[in-house]
Amino acid sequence: MTSTHAPDTASAWPTHSPDFIGDLEGDAAALAEYAATCEALLSQLPPKPERDATQQSLADAVFGKSRDARRRFLARHTEAVYDALTEGRSRHLRLPELVHAAADRFPGLIPTRTQMESEYARIQAERDGREIDQGIFCGGVLHSRAAGTHLVEAMLLPTPRSLELLDEFRAAGRVELASLLVERHGSAAHVTFRNAHCLNAEDNQLIADMETAVDLVLLDDQVQVGLLRGGEVDHPRYEGRRVFSAGINLKDLRNGAISFVEFLMGRELGYINKMFRGLLVNPSGHMWSERVTQKPWIGVVDGFAIGGGMQLLLVMDRVIAEEGAYFSLPAAEEGIVPGLGNLRLTRLTGARHARQVILGGRRVRMTDPEARLLCDDIVRAPDMEEAIERAVRELSAPAVAANRRMLNLAEEPLDQFREYMAEFAVTQVVRAYSDDVLAKVERRWQRSRSNEGGFK
């Protein structure tokens, strides 16, 4: 039976955190032993929802000590660990594969599958935040130029699912996925959000489907331009109307269904980076232009683009919005980091306006002068199709792909992206488990239970 009292820390707590001397195997054994001691202490405590203040204080101290040990271990051994997992960088492991491999190969470095399954069975507020340990590992890998660059490239490779669907898409020009539709219209591939029940908000399923869709667009030789648009939604206020995206699904965040590895990291390293930087089709190529295939993208905004929806517009080559639309990055309200919005918005709007949007929650309406910094065309709803056709025609010109590649290299070098992601990996996951964020999503959840239309 699990103890309901805090263990005797004087006898249970290890005398000191391990000293790492630089030998990978020896230091890994020391970390594993120390982590096991910490886990033995935690096992004497009740689950988080049942702990009193003293018990929770002890749990926080144990997690803090073990995380400090992991950080110090990675400071010495990140590249050696990564090379051990990837056979000297001869294998490309996607982030979920890498995390699982690290948990198996280096006990105590990352939570085990069993530990994570236990976490995933609880809502976000009732977890111990073991995803933070995954974030520490991801941040360490990305901080290393050698290991981090290799991981970024691994995440730019086509997914197995997209390769399975490629022949079908090439033949039919259409693939239906659980949360979106991909259709080829002439030289453009239209990707349409169909998460109608939640205002096209992003969830784990949509992130996975989007990466498949982006791969298909970039791999199909008949496609020259990708186009992203929101489909019609079911919300009573907007029923039957298109909206672009309401951002992260806060209901899923509250219920613990937004994963750190697949969602928070996967969207940035996966499909969004593929839209911006291209799909890695020739890992052994020398020049970037030889290694990737990339195409221009058009974003079409009906209604609104909130949070992650607005973040997507920052990698688009052409943005078309209806005149009544608005954009926002409600980071201050939600309490989390708006993806790469902090990196990309400034270069479009300038530092002062970016701070107003990110720190102050300012909405950008299409009637605002600043909207022209984010949109190429602002049109009446009846004129939308004509504006789309014109944009596709202009971006299908032969030199567009080459020039957008050079623009992107100049604006956001790979090392800048990698270094940002190293910090983001830790900052975002810590924010996702912060008391203020958990309290905010819980309040919104409780309010939504009595309101029609509910919690997105």
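Mentor: A residue counts as buried when its relative accessible area is under 20%, and as exposed when that area is over 50%. Keep in mind throughout that the model is predicted.

Trainee: Does C375 count as buried or exposed?

Mentor: The relative accessibility of C375 is 4%. Buried means under 20%, and because 4% satisfies that cut-off, C375 counts as buried.

Trainee: How many disulfides does a search of the whole structure find?

Mentor: A disulfide would need a pair of cysteine sulfur atoms within 2.5 Å. C38, at 2% relative accessibility, counts as buried, as does C375, yet for disulfides the search of the whole structure gives a total of zero.

Trainee: Of the five aromatic pairs that the structure holds, what kind is the one formed by F20 and F73?

Mentor: The ring centres of F20 and F73 lie 5.6 Å apart, and their planes stand at 75°. Planes over 60 degrees apart count as edge-to-face, so the pair of F20 and F73 is edge-to-face.

Trainee: How many residues apart are F20 and F73, and which parts of the chain does the pair link?

Mentor: F20 belongs to the loop between α1 (9-12) and α2 (24-43), whereas F73 belongs to helix α3 (residues 53-86). F20 counts as buried at 7% relative accessibility, and F73 is buried with a relative accessible area of 0%. The pair therefore links distant parts of the chain, and the separation of F20 and F73 is 53 residues.

Trainee: What kind of pair do the rings of F304 and Y326 form?

Mentor: Their centres are 5.7 Å apart and their planes stand at 35°. Stacked planes are under 30 degrees apart and edge-to-face planes over 60, so the pair of F304 and Y326 is tilted.

Trainee: Which strands hold F304 and Y326?

Mentor: Both F304 and Y326 are buried, and ring pairs link them with Y238 into a cluster. The pair ties together parts that are 22 residues apart in sequence, because F304 lies in strand β8 (residues 304-306) and Y326 in strand β10 (residues 326-328).

Trainee: Which strands stand at the edges of the open sheet?

Mentor: Three strands form this open sheet, with mixed pairing, in the order β8-β10-β11. One side of each edge strand is left without a neighbour in the sheet, because each has a single partner strand, and these edge strands are β8 and β11 (364-365).

Trainee: Which residue in β11 is the bridge partner of Y326?

Mentor: β10 and β11 pair in the antiparallel sense over two bridges. The residue that lies over the face of Y326, at 5.5 Å from the ring centre, is R365, and the bridge partner of Y326 in β11 is also R365.

How values were computed. Residues numbered from 1 in each chain as written. Predicted model: local features only at pLDDT ≥ 70, side-chain atom pairs only at ≥ 80, totals over all residues. Heavy atoms only, no water. Buried < 20%, exposed > 50% of the residue type's maximum accessible area, 1.4 Å probe, protein only. Phe/Tyr/Trp six-rings, centres within 6.5 Å; stacked < 30°, edge-to-face > 60°. Helix = DSSP H or I, 4+ residues; strand = E, 2+ residues; numbered from the N terminus. Lys NZ or Arg CZ within 6 Å of the ring centre and 35° of its normal. Pairing = 2+ DSSP bridges.
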